[in-house]
Amino acid sequence: MAAKLYYYAATGKANQIRLAMAASDIEWEEVNATGFPPTPDDTKLWIETGGNTTTNVPMVVLADGTVFTQSSAVIRAIARRGGLMPSSEDQLYLTDKLLADADSLRDESYKCFVTWGAEQELADNFIAKVLPLHLGNIERQLIEGGKEFFVGDEMSIADLSLYDAVTSFGSGRVPGDALEAFPQLKEFVHRVASNPKIAAYLAGPIYSALLKFGPESLGK
């Protein structure tokens with residue numbers, strides 16, 4: 001029996017969770033909302049399943065019935081089960097810090113969806129200033145760490161979350177090559193995407209069916 005992931009049929013806040021489940025060999029099926037915004041039936045199902053009367057999705061229900069809600073909690077729970085979370089205190093702090101950096105980029109990205117009503121000026125500022133600032137900060141930490149991955153010698157949940165933030169909310173949204181000025185980060189993105197489990201997910205039917213945020217979301 002497979003796990004279930006409740007969300008929209010889009011990358012969004014759930015894609016880092018999908019990447020973590022793929023890396024952890026957790027099979028899952030998508031239970032997508034019937035619309036955006038969600039219908040009353042969607043919301044009712046989420047509340048009944050997750051328990052929160054506010055926000056539940058992204059939400060994962062494991063094959064044994066264990067329920068995880070709220071993206072930041074879900075990603076950590078999956079990472080612990082998949083061996084993607086480090087154990088030392090120093091590395092745990094670094095992981096939490098990097099997950100926050102990834103969320104900071106996502107938060108800035110969500111502010112400038114022209115397709116959802118944001119001003120074009122805000123989107124243009126994201127392309128010209130905000131995104132390069134975040135990409136530079138992320139690459140800086142990779143370089144200072146001196147390794148192929150951000151925490152330790154193996155791919156961790158921090159790498160998967162940063163990969164998702166950089167691609168789904170950054171380079172995938174802007175015209176041209178947003179990573180051209182960040183060669184070390186560009187190599188890192190290729191490295192994660194080339195991992196056999198991640199490559200299989202990216203080439204598979206679940207990811208292929210998802211809505212991705214492209215340049216049109218920035219009015220381009």
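Here are some notes on this predicted model, point by point.

1. Start with the backbone oddities around proline. The peptide bond between F36 and P37 is cis, with omega about 0°, and P37 sits in the loop that runs between β2 (28-32) and α2 (40-50). There's another cis bond between V57 and P58, again with omega about 0°; P58 belongs to the loop between α2 and β3. Most peptide bonds are trans, so give both spots a look.

2. Then the positive phi values. D25, in the loop between α1 and β2, has phi near 60° and isn't a glycine. D25 counts as exposed because its relative accessibility is 55%, above the 50% cut-off. Q70 is another non-glycine with a positive phi, about 70°, and is found in the loop between β4 and α3. At 33% relative accessibility, Q70 is partly exposed. G83, just after α3, also takes a positive phi of about 70°.

3. Helix α3 (residues 71-82) passes a simple length check: twelve residues at 1.5 Å each should span 16 Å, and the end C-alpha atoms are indeed 16 Å apart. Its buried residues are S71, V74, I75, A77, I78 and A79. The cover over them includes α1, β3 (59-61), β4 (67-69) and α6 (157-171).

4. I78 turns up again in the largest nonpolar core, which has 65 residues; I78, F150, L160, L185 and F188 have the most contacts inside it. Beyond its sequence neighbours within four places, L160 touches L19, A20, A23, L84, M155, V192 and I198.

5. R18 is worth a click. This arginine lies in helix α1 (residues 15-23) and counts as buried because its relative accessibility is 0%. Setting aside residues up to four places away in sequence, R18 is in contact with L5, Y7, Y8, A10, T11, W28, E30, Y201, I206 and L210.

6. Two of those contacts, Y7 and Y8, come back in the largest pocket, where they join F36, W116 and F213 as the closest to the centre among 21 lining residues. The pocket holds about 410 Å³ of space, and its lining breaks down into twelve nonpolar, six polar and three charged residues. F36 is also the residue before the cis bond to P37.

7. Last, S194 in helix α7 (residues 183-194). With 40% relative accessibility, S194 counts as partly exposed. S194 and V130 are 64 residues apart in sequence, and their C-alpha atoms are 28 Å apart in space.

Notes
Residues numbered from 1 in each chain as written. Predicted model: local features only at pLDDT ≥ 70, side-chain atom pairs only at ≥ 80, totals over all residues. Heavy atoms only, no water. Helix = DSSP H or I, 4+ residues; strand = E, 2+ residues; numbered from the N terminus. Buried < 20%, exposed > 50% of the residue type's maximum accessible area, 1.4 Å probe, protein only. Contact = heavy atoms within 4.5 Å. Core = buried A, V, L, I, M, F, W, Y, C linked by side-chain atoms within 4.5 Å. 1 Å grid on protein atoms, 1.4 Å probe; cavity = no way out; pocket = protein on both sides within 12 Å on 5 of 7 lines; lining within 4 Å. Points joined across faces, edges and corners; volume = space filled by probe spheres on them. Nonpolar A, V, L, I, M, F, W, Y, C, P; charged D, E, K, R; others polar. Expected span 1.5 Å × (residues − 1).
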